[in-house]
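Trainee: I have a new structure to look at and I'm not sure how to begin. Could you walk me through it?

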Amino acid sequence: MGGYVTTVVPNIVTSTIRAILKDRKISSICDPWAKTGLLLQEALLGLKSTDAYAVTLNIFESDLGTMLVPEAQWENSDP
């Protein structure tokens with residue numbers, strides 16, 4: 001089953017991202033190594049009307065990421 005990737009993001013990382021972005025006005029955000037978009041999704045939770053961009057090298061990750069974080073524009077290329 002090659003090509004499948006499991007990503008685990010520790011709670012300390014996600015809570016830190018939410019704390020850093022809390023009450024900030026951000027018009028766009030990009031994750032150049034998005035994998036499946038879990039960190040990008042956390043970043044978007046507290047943001048409103050933010051353009052989101054996700055980049056990954058793996059087509060399987062971008063396909064899954066598109067389902068998990070549909071509000072982001074996904075690019076499958078080398079950042």
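Mentor: Sure, we'll take the overall layout, then one helix, then a helix pair and a couple of loop residues. Keep in mind that this is a predicted model.

Trainee: Let's begin with the layout, then. How many helices and strands are there in the chain?

Mentor: Count the elements, then read their order. Here you get three helices and three strands, and from the N terminus on they run α-β-α-β-α-β. Of the 79 residues, 32% count as buried. The chain exposes about 5,500 Å², with carbon and sulfur atoms supplying 57% of it.

Trainee: And what share of the contacts with a separation of 6 or more comes from residues 24 or more positions apart?

Mentor: That share is 41%.

Trainee: Okay, on to a helix. Which residues of α1 are buried?

Mentor: For a helix, ask which residues are covered and which way they point. Helix α1 covers residues 11–21, and T14, I17 and L21 are buried there. Look down the axis of α1 and those buried residues fall within an arc of 60 degrees, so they line one face of the helix. Over on the other side of α1, you'll find N11, I12 and A19 exposed.

Trainee: What covers the buried residues of α1?

Mentor: The cover includes strand β1 (28–31) and helix α2 (38–45).

Trainee: So α2 is a partner. How do I read a helix pair?

Mentor: Two packed helices are described by the angle between their axes and the distance between the axes. In this model, α1 and α2 pack at about 35 degrees, with their axes 8 Å apart. Their crossing is right-handed.

Trainee: Which residues meet where α1 packs on α2?

Mentor: From α1 you have V13, T14, I17, R18 and L21, and they meet L39, E42 and A43 of α2. Sorted by class, that contact has five nonpolar, one polar and two charged residues.

Trainee: E42 caught my eye. Is E42 buried or exposed?

Mentor: Check its relative accessibility against the cut-off: buried means under 20%. E42 has 17% relative accessibility, so E42 counts as buried. E42 lies in helix α2, and, setting aside neighbours within four places in sequence, E42 is in contact with T14, I17 and R18.

Trainee: T16 isn't in that list of contacts. How far apart are T16 and E42?

Mentor: In sequence they are 26 residues apart, and in space 9.9 Å, C-alpha to C-alpha. T16 sits in helix α1, and with a relative accessible area of 37% T16 is partly exposed.

Trainee: Last topic: backbone angles. What should I look for in the phi values?

Mentor: Most residues other than glycine have a negative phi. That makes a positive value worth a look.

Trainee: Where is D23, and what is its phi?

Mentor: D23 comes just after α1 and takes a positive phi of about 65 degrees, although D23 is not a glycine. You'll find D23 in the loop between α1 and β1. With a relative accessible area of 73%, D23 is exposed.

Trainee: And what about the phi of K35?

Mentor: K35 has a positive phi of about 55 degrees, again without being a glycine. K35 belongs to the loop between β1 and α2. At 39% relative accessibility, K35 counts as partly exposed.

Terms used. Residues numbered from 1 in each chain as written. Predicted model: local features only at pLDDT ≥ 70, side-chain atom pairs only at ≥ 80, totals over all residues. Heavy atoms only, no water. Buried < 20%, exposed > 50% of the residue type's maximum accessible area, 1.4 Å probe, protein only. Helix = DSSP H or I, 4+ residues; strand = E, 2+ residues; numbered from the N terminus. Arc of directions from axis to C-beta. Contact = heavy atoms within 4.5 Å. Axes fitted to C-alpha atoms, helices over the stretch in contact; angles between N-to-C directions. Left-handed = near helix turned anticlockwise from the far one by under 90°. Nonpolar A, V, L, I, M, F, W, Y, C, P; charged D, E, K, R; others polar. Areas by Shrake-Rupley, 256 points an atom, 1.4 Å probe, with all protein chains shown as cover.
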